[in-house]
2 protein chains.
Amino acid sequence: MARKSEDYVVGVDLGGTKILAGIVARDGKILARVKAKTEVEAGYRRIISTLAASVNRAVTESKIPRAHIRAVGVGVPGPVDPETGVVKVAPNLRWKNVPVKKLLEKSLALPVLVENDVNAGTVGEHRFGAGVGVKNLVGIFVGTGIGGGLIINGSLYHGFSKAAGEVGHMIIDVNGPRCGCGNKGCLEALASRSAIVRKLAAAVRKGSKTALTAIVSDKNMRQVGSSVIADAFLGGDKLTVKVVKRAARYCGIGVASILNLLNPEMVVLGGGVVQAFGSEYVRLVANAARKRTFDVTFRGVRIVPALLGDDAVLLGAASLAREKYERRE
Amino acid sequence: MARKSEDYVVGVDLGGTKILAGIVARDGKILARVKAKTEVEAGYRRIISTLAASVNRAVTESKIPRAHIRAVGVGVPGPVDPETGVVKVAPNLRWKNVPVKKLLEKSLALPVLVENDVNAGTVGEHRFGAGVGVKNLVGIFVGTGIGGGLIINGSLYHGFSKAAGEVGHMIIDVNGPRCGCGNKGCLEALASRSAIVRKLAAAVRKGSKTALTAIVSDKNMRQVGSSVIADAFLGGDKLTVKVVKRAARYCGIGVASILNLLNPEMVVLGGGVVQAFGSEYVRLVANAARKRTFDVTFRGVRIVPALLGDDAVLLGAASLAREKYERRE
């Protein structure tokens, strides 16, 4: 058996557009990093085979002897049964019931752990990022949608049917806009990037002036990236400032509900929107949450930006794989 | 040391109008039960002394030798630090920073555990009531206000500043009515008995006919009990049916947010409103929650009425005291 200091794991972030694989040391250092394209059109077998090849390439590039690689952790964009490693559904990959663990273990001859990407990202921030040492933590990732993960008593909390953490579908405005899930007034329908773009586009249609007019009135407004909106926001574009502030306020109301229910020590805000808008956004969220919580619930709670950016999922998946397969020996 | 089968604990429910004390056997059987009036006007020392006297009377009545009584658990209506046993604030008792544990231990010469009453009630239902054997459970108690308690991985979850479980202050209608806490659209402002009475009174003022007209138009409408409203509801009074259904729907929306965030195995609904309206109310809540959750989150989740009625707090407090003081030996 390798010495503990010679133990490495592979972390993989399997996204709808790219696969990111890295060799992760015990201290969270990433030794080699491989990127590949996710060929959604080609079907799940191709994606799994590209993923396995990326892992192998990362091992080779890292120059770590394969005998020192203990396990592989994969974060996937959809609900997973972490015991069986079956991905129940992943719309971005057009997957249904794909046995990722079984397929990868056969191909790589290494133990594989599969976890939902938002859960993995939350674990990443908890083990190596903003939340190191925190006992109870909620991760909220704001992008096209809004996802979340819960660390309770130091461990990832899955819930009864492994579906915990759907922060984006907490209802905060029962008469609010329709959400993609079919309900009304979910946090995701009010505070995601999609919600921001929708609001901007509606204002433009009504004749509002904005630096983003050309972009958001385009047919492809769903493609508007966070950084484009953030530039307009940080540049002081009036409409954008108003719309983003409103979205941040809604996010803060969602955070308030979470604080009142769970009273965690920390809320970590990550994802494309938070990365693009920076600390000003986090401040707006914290402010809206403070106004809607009890003093005792809010005092000492840290609402902070995620620190790991695009590495959070990879690092969290690696960390979960290490914890699971070290325990078993 | 007493044999395990000879171990007893005392459970106390300290409420704003009455004190209920009982001797509790290992299996949750209550051997003797003593009731006393809470003399709020007389100050905290009098209340503590009445409480201690009630405990002593219950011990005497039970005929259990005092040497077999291991500890006392007390549920109080306000936030508590369960380590120090100091009640931070209890509006119904007009208390602020009362060191209940210290005062009672001196008076009774027994170890005392103090817990928030809603938390204790949730533990009671988990140990001896609706939720026996359930790993993750949320207790929601609907009365004048709405409180909650969380069982996570089989244990009462307190959160960072021991303030977790404020289900009543989750925000579900950001533009909704003002809540007692100062915010808008909290669950408590939409679904508590107070909210139901307020809605009935407003409709009566506008000329709606109801079996409750005389009662709710009275100055003392805050005093309208759940059973009076339940009689009108179960008797088919049109306005009451409409208003109660609306409140139950809001409660279900709050439950949906909780299910989406925490994905527990069970939600136990208790408190005066639920007791009075019975299973029809629980069915309405479950139905509203089902419509607003993912299939995977809702499937298999049990939304059930509390089983212990007025004994839940007493039994939960007793159970917590037993667990704490057995472990220490």
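**Domains, a long-axis helix and the chain contact**

In this predicted model, chain A is divided into two parts: domain 1, made up of residues 4-117 + 311-327, and domain 2, covering residues 133-307. The C-alpha centres of domain 1 of chain A and domain 2 of chain A lie 28 Å apart. Where these domains touch, domain 1 of chain A contributes 4 residues and domain 2 of chain A contributes 5 residues. On the domain 1 side of this contact in chain A, 3 residues are nonpolar and 1 is charged, with no polar residues.

Helix α8 of chain A is a good element to look at next. Spanning residues 238-262, this helix has 25 residues and reaches 36 Å from its first C-alpha to its last, close to the 36 Å expected at 1.5 Å a residue. With 19 of its 25 residues buried, α8(A) is largely enclosed by the rest of the structure. Just after the helix comes A:Asn263, whose phi is positive, near 45°.

The contact between the chains takes 35 residues from chain A and 35 residues from chain B. On the chain B side, the elements giving two or more residues are α8 (238-262) and α11 (295-298) of chain B. Of the side of chain B that touches chain A, α8(B) gives the most, with 7 residues. By class, this side of chain B divides into 19 nonpolar, 11 polar and 5 charged residues.

Technical notes. Residues are numbered from 1 along each chain as its sequence is written. Chains are lettered from A and ligands numbered from 1 in the order in which they are written. This is a predicted model: local features need pLDDT of at least 70, side-chain atom pairs count only at pLDDT 80 or more; totals for chains, interfaces and linings use all residues. Domain bounds come from an automatic or database domain assignment. Two residues are in contact if their C-beta atoms, placed from the backbone, lie within 7 Å. Ala, Val, Leu, Ile, Met, Phe, Trp, Tyr, Cys and Pro count as nonpolar, Asp, Glu, Lys and Arg as charged, and the others, Gly among them, as polar. Helices (H or I, at least four residues) and strands (E, at least two) are DSSP runs, numbered from the N terminus. The expected span of a helix is 1.5 Å times one less than its number of residues. A residue is buried if 20 or more other C-beta atoms lie within 10 Å of its own, exposed if 12 or fewer, and partly exposed in between; C-beta atoms are placed from the backbone.
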